[in-house]
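Trainee: Could you go through this structure with me? I'd like to know what stands behind each label.

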Amino acid sequence: MTKECLVNRFDHFEFATNNLKTIEGLFESCGFVTTQIRDTAALKQHLMVQGQVRLLITQGTPETFQGQYVKIHGDGVCS
């Protein structure tokens, strides 16, 4: 018996990292393109797009949710 996960759509995935440029390069090699950049004192965020898939890569300071996520879990999808 085959089970399916019927996902119609998702808005985006957020990937937390301590090395935004390296992760951005990895996803660029998979065909993603950076379309928007947000740079504040606490967060550096790059929105990458491939077709209808959106990936938000975030590098945060240790005080941010993303910074804490990377400290505990390492680089990965945080939301």
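**Rings, core and surface**

Mentor: Sure, let's start with the rings: the structure holds three aromatic pairs. Rings of Phe, Tyr and Trp (its six-membered ring) pair if their centres lie within 6.5 Å; planes under 30 degrees apart are stacked, over 60 edge-to-face, and the rest tilted. Keep in mind that this is a predicted model, where local features need pLDDT of at least 70 and side-chain atom pairs count only at pLDDT 80 or more, while totals for chains, interfaces and linings use all residues. Residues are numbered from 1 along each chain as its sequence is written, and side-chain values use heavy atoms, leaving out hydrogens and water.

Trainee: What makes Phe-15 and Phe-27 an edge-to-face pair?

Mentor: Their centres are 5.7 Å apart and their planes meet at 75°. The centre limit is 6.5 Å and edge-to-face starts over 60 degrees, so the label fits. This pair links distant parts of the chain: Phe-15 sits in strand S1 (residues 13-16) and Phe-27 in helix H1, twelve residues apart. Helices (H or I, at least four residues) and strands (E, at least two) are DSSP runs, numbered from the N terminus.

Trainee: How do you know whether Phe-15 is buried or exposed?

Mentor: Buried means under 20% relative accessible area, exposed over 50%, and partly exposed in between (1.4 Å probe, protein chains only). Phe-15 has 14%, so Phe-15 is buried. Phe-27 has 17%, so Phe-27 is buried too.

Trainee: Why is the pair of Phe-65 and Tyr-69 called tilted?

Mentor: The planes of Phe-65 and Tyr-69 are at 45°, so the pair is tilted, with the centres 6.4 Å apart. Phe-65 and Tyr-69 are four residues apart in helix H2 (residues 65-73), which means about one helical turn separates them.

Trainee: Which residues form the largest nonpolar core?

Mentor: It has eight: Phe-15, Leu-20, Ile-23, Phe-27, Phe-32, Met-48, Leu-55 and Ile-57. Helix H1 (20-28) and strand S4 (53-60) are the elements that give two or more residues to this core, and H1 gives the most, with three. The rule for a nonpolar core asks for buried Ala, Val, Leu, Ile, Met, Phe, Trp, Tyr and Cys residues joined through side-chain atoms within 4.5 Å. Ring pairs also link Phe-15, Phe-27 and Phe-32 into a cluster.

Trainee: What does Leu-20 touch?

Mentor: Leaving aside residues up to four places away in sequence, Leu-20 touches Lys-44, Gln-45, His-46, Ile-57 and Gln-59. Contact here means heavy atoms within 4.5 Å. With that skip, Asp-75 touches Phe-15, Ala-16, Thr-17, Asn-18, Ile-23 and Val-70.

Trainee: Where is Asp-75 found, and why is Asp-75 called partly exposed?

Mentor: Asp-75 is in the loop between H2 and S5. Its relative accessibility is 40%, so Asp-75 counts as partly exposed.

Trainee: What about Val-77, in strand S5 (residues 76-77)?

Mentor: Val-77 has 44% relative accessibility, so Val-77 counts as partly exposed.

Trainee: And how many helices and strands are there in the protein chain?

Mentor: Two helices and five strands, and from the N terminus on they run β-α-β-β-β-α-β. Buried residues make up 34% of the 79 residues. Among contacts between residues at least 6 apart in sequence, 46% join residues at least 24 apart.
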